[in-house]
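User: Could you take a close look at the sheet in this one and walk me through how it's put together and what sits against it?

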Amino acid sequence: MPVPLYEAKAEFFRMLGHPVRIRVLELLQDGPKPVRDLLAEIEVEPSNLSQQLAVLRRSGIVTATRTGSTVVYELAGGDVAELLAAARRILSVLLSGQRDLLDELRRTQAGR
């Protein structure tokens, strides 16, 4: 029996649900990067980065090319950058709403 689309989407978002994976995707928006550059930008152990890159590669969201001893990663398609931009817009609205609520709470507490 095929997996329902909503379950496939949930699995996709679970795959994205790690800070290191999100940071890798953000960095790769600027173009392909060798692992050494990713390591320099993301403060994690090499083994942790390798593990997270493997998850992204298996999912098909990034591709890897080896040239000699250098492995270069890149986004598999432009839709990922659009997804990250949409997430930034959504978070901006949510955080703005929370800030407004916090400001209102502070005003009401000050008025007591």
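Analyst: One bit of vocabulary before we start: a salt bridge here is a side-chain nitrogen of Lys or Arg within 4 Å of a carboxyl oxygen of Asp or Glu, and a buried residue has under 20% relative accessible area. Keep in mind, too, that this is a predicted model.

Okay, the sheet. It's an open one with three strands in the order β1-β3-β2, and the pairing is antiparallel. That leaves β1 (33-34) and β2 (62-67) as the edge strands, each pairing on one side only.

Now look at β2 and β3 (residues 70-75), which run antiparallel and are joined by six bridges. To get your bearings, find V62, which stands opposite L75 in β3, and then T65, which faces V72 across the pair. The two strands make a hairpin with two residues between them, and G68 in the turn has a positive phi of about 65°.

Two helices come in against this. Helix α2 (residues 19-28) lies across β1, β2 and β3, running at about 85° to β3. Helix α4 (residues 46-59) packs on the sheet as well, touching β2 and β3, with its direction at about 115° to that of β2.

Over on β1, have a look at K33, which is part of that strand. K33 is buried but has no salt bridge: D30, the nearest side chain of opposite charge, is 4.8 Å away, so that pair falls outside the 4 Å cut-off. Setting aside neighbours within four places in sequence, K33 is in contact with V71, V72 and Y73, along with L27, L28 and L38.

Notes: Residues are numbered from 1 along each chain as its sequence is written. This is a predicted model: local features need pLDDT of at least 70, side-chain atom pairs count only at pLDDT 80 or more; totals for chains, interfaces and linings use all residues. Side-chain values use heavy atoms; hydrogens and water are left out. Two strands pair if DSSP finds at least two bridges between them. Helices (H or I, at least four residues) and strands (E, at least two) are DSSP runs, numbered from the N terminus. Contact means heavy atoms within 4.5 Å. Axes are lines fitted to C-alpha atoms, for helices over the stretch in contact, and angles run from 0 to 180 degrees between N-to-C directions. Buried means under 20% relative accessible area, exposed over 50%, partly exposed in between (1.4 Å probe, protein chains only). Lys and Arg count as positive and Asp and Glu as negative; His and the chain ends are not counted.
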